[in-house]
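The following exercises invite the reader to examine a protein model step by step. Each task is followed by a worked solution.

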Amino acid sequence: MVSGGAMMAAAAAGGRGGAARTVAPWILACSFLLCSSSVLFQGAEGAIGVNYGMIANNLPSPDKVIAMYKANNIKYVRLFHPDTTVLAALRGTGIGVVLGTLNEDLAQLASDESFAASWVASYVKPFAGTVTFRYITAGNEVIPGDLGVHVLPAIRNLEDAIRAVGVSGVPITTAVATSVLGVSYPPSQGAFSEGAAPVMVPLVAYLLSKNAPLLVNVYPYFAYAAEPETVQLGYALLAGSSATSSSKVVSITDGGLVYTNMFDAIVDAAHAAVEKAGAQGLELVVSETGWPSGGGATGATVENAAAYNNNVVRHVAAGTGTPRRPGKAVETYLFAMFNENQKPEGTEQHFGLFQPDMTAVYPVDFAGSY
């Protein structure tokens with residue numbers, strides 16, 4: 001990002017509710033350079049999960065979906081909202097579960113302790129001990145925005161409610177989009193925007209005090225789609241992480257650190273923003289990343305989607321981390337398990353790894369071996 005640079009918007013819906021997604025202003029400077037130039041958390045090293053979105057009317061039953069996770073050796077699942085049928089299917093599987101609250105419940109979770117207690121009594125307590133809860137997320141991509149002020153109070157109330165029922169070891173956090181960043185290029189200059197900082201600064205300090213990570217949704221695709229003439233495709237696809245790629249990928253240098261892909265650059269910009277906010281050492285988890293295989297937009301092809309997701313898996317599985325945090329593997333969740341036919345028309349219906357009939361859109365090696 002460039003401080004004071006113009007925001008380049010890429011209208012895109014993502015995550016559970018299909019909220020508008022924007023591309024942060026760092027793309028302008030990053031694109032120029034690319035065009036003109038020829039973390040461990042609680043044993044999660046190299047961890048790869050997949051988001052289980054349900055905005056569709058033709059998906060397999062939850063028991064069949066969870067069987068697919070097991071058959072494909074997918075160790076972690078992220079749920080955007082609580083669903084007792086899905087949670088029941090996860091019992092005894094050992095699959096790590098990231099459980100989200102509905103964004104529309106945030107205000108009540110923040111203001112009403114009894115509502116938070118009821119939420120925990122309904123969706124956590126009955127499954128504790130048989131479902132492996134990894135994190136609980138209070139909202140998805142609500143900062144900056146009107147709901148952002150409710151995130152930290154909701155986290156506190158959920159923590160109290162979980163403690164009251166005797167459940168421990170489940171961090172409560174939230175997931176943010178890169179729109180929380182006002183500056184992110186070069187990555188070392190990453191900083192929260194004026195709109196996000198009043199919520200993010202106390203939030204990251206609190207998460208650090210609780211040894212809970214911040215979840216960040218990272219989408220190089222939207223950066224590439226916004227400026228395909230200037231953002232090199234290979235840089236966005238992590239082609240430099242592919243042993244089979246023959247394309248030459250340019251790199252950028254930032255204070256001695258060399259970036260060969262946009263995924264690392266975005267993650268490290270978020271690291272820098274967190275550090276500038278005073279939360280040195282806070283771990284980040286990539287809660288969403290993916291590439292559409294169709295929908296008619298720039299770069300949305302099966303070939304590119306297969307390349308991106310397999311390269312991400314390989315990169316994460318290698319455990320090399322990012323230039324700013326070398327050797328600290330980044331726990332990462334691909335978006336998403338299925339193509340979802342009730343999301344907005346276009347690319348948003350084509351982020352799935354599988355079709356609703358359970359056939360693969362393209363192969364993904366979750367071991368990262370090719």
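The exercises below go from the whole chain to its barrel, its strands, a pair of helices and a single loop residue. The model is a predicted one.

**Exercise 1. The chain as a whole**

Determine how many helices and strands the protein chain has, and what share of its residues is buried.

Solution. Begin with the elements: the protein chain holds 11 helices and 14 strands. Turn next to burial: of the 370 residues, 58% are buried. Finally, consider the surface: the accessible area of the protein chain is about 13,500 Å², and carbon and sulfur atoms account for 52% of this area.

**Exercise 2. The barrel**

State the order in which the eight strands close into a barrel, and the sense of their pairing.

Solution. The barrel follows the order 3-4-5-6-7-10-13-14, with parallel pairing. On average, neighbouring strands of this sheet are turned by 25° against each other, direction ignored. One pairing may then be inspected in detail: strand 3 (residues 48–52) is joined to strand 4 (residues 76–79) by four bridges in the parallel sense. Within strand 4, Val-77 is the residue opposite Val-50.

**Exercise 3. From strand 6 to strand 13**

Trace the pairings that lead from strand 6 to strand 7, then to strand 10 and on to strand 13.

Solution. Step one: strand 6 (residues 132–140) runs parallel to strand 7, and three bridges join them. Here Asn-140 has Ala-175 of strand 7 as its bridge partner. Step two: strand 7 pairs with strand 10 over three bridges, again in the parallel sense. Ala-175 has Leu-215 as its bridge partner in strand 10. Step three: strand 10 and strand 13 run parallel and are joined by four bridges. The partner of Leu-214 in strand 13 is Leu-284.

**Exercise 4. The two faces of a strand**

Sort the residues of strand 7 by the way they point, and decide whether they are buried or exposed.

Solution. In a regular strand, side chains alternate between the two faces of the sheet. In strand 7, Ile-172, Thr-174 and Val-176 point one way, while Thr-173, Ala-175 and Ala-177 point the other way. Each of these residues is buried, and strand 7 is accordingly described as mostly covered, with six of its six residues buried. Strand 10 can be sorted likewise: Leu-214 and Val-216 point one way, Leu-215 and Asn-217 the other, and all are buried.

**Exercise 5. Helices on the strands and on each other**

Describe how helix 7 lies on the strands and how its axis is placed against that of helix 6.

Solution. Helix 7 (residues 197–209) lies across strand 7 and strand 10, at about 140° to strand 7. The axes of helix 6 (residues 151–164) and helix 7 come within 10 Å and cross at roughly 25°. Because angles under 35 degrees count as roughly parallel, helix 6 is roughly parallel to helix 7. Helix 6 contributes Val-151, Leu-152, Ile-155, Arg-156 and Glu-159 to the contact, and helix 7 contributes Pro-202, Leu-203, Tyr-206 and Leu-207. By class, the residues of this contact are seven nonpolar, no polar and two charged.

**Exercise 6. A loop residue**

Locate Lys-210 and classify its exposure.

Solution. Lys-210 sits in the loop between helix 7 and strand 10. Its relative accessibility is 43%. Since buried means under 20% and exposed means over 50%, Lys-210 counts as partly exposed. Lys-210 and Ile-172 are 38 residues apart along the chain, and their C-alpha atoms are separated by 8.8 Å.

How values were computed: Residues are numbered from 1 along each chain as its sequence is written. This is a predicted model: local features need pLDDT of at least 70, side-chain atom pairs count only at pLDDT 80 or more; totals for chains, interfaces and linings use all residues. Side-chain values use heavy atoms; hydrogens and water are left out. Two strands pair if DSSP finds at least two bridges between them. Axes are lines fitted to C-alpha atoms, for helices over the stretch in contact, and angles run from 0 to 180 degrees between N-to-C directions. Contact means heavy atoms within 4.5 Å. Buried means under 20% relative accessible area, exposed over 50%, partly exposed in between (1.4 Å probe, protein chains only). Accessible areas come from the Shrake-Rupley method with a 1.4 Å probe; for residues, only the protein chains shown count as cover. Angles under 35 degrees count as roughly parallel, over 145 as roughly antiparallel, 65 to 115 as roughly perpendicular and the rest as oblique. Ala, Val, Leu, Ile, Met, Phe, Trp, Tyr, Cys and Pro count as nonpolar, Asp, Glu, Lys and Arg as charged, and the others, Gly among them, as polar.
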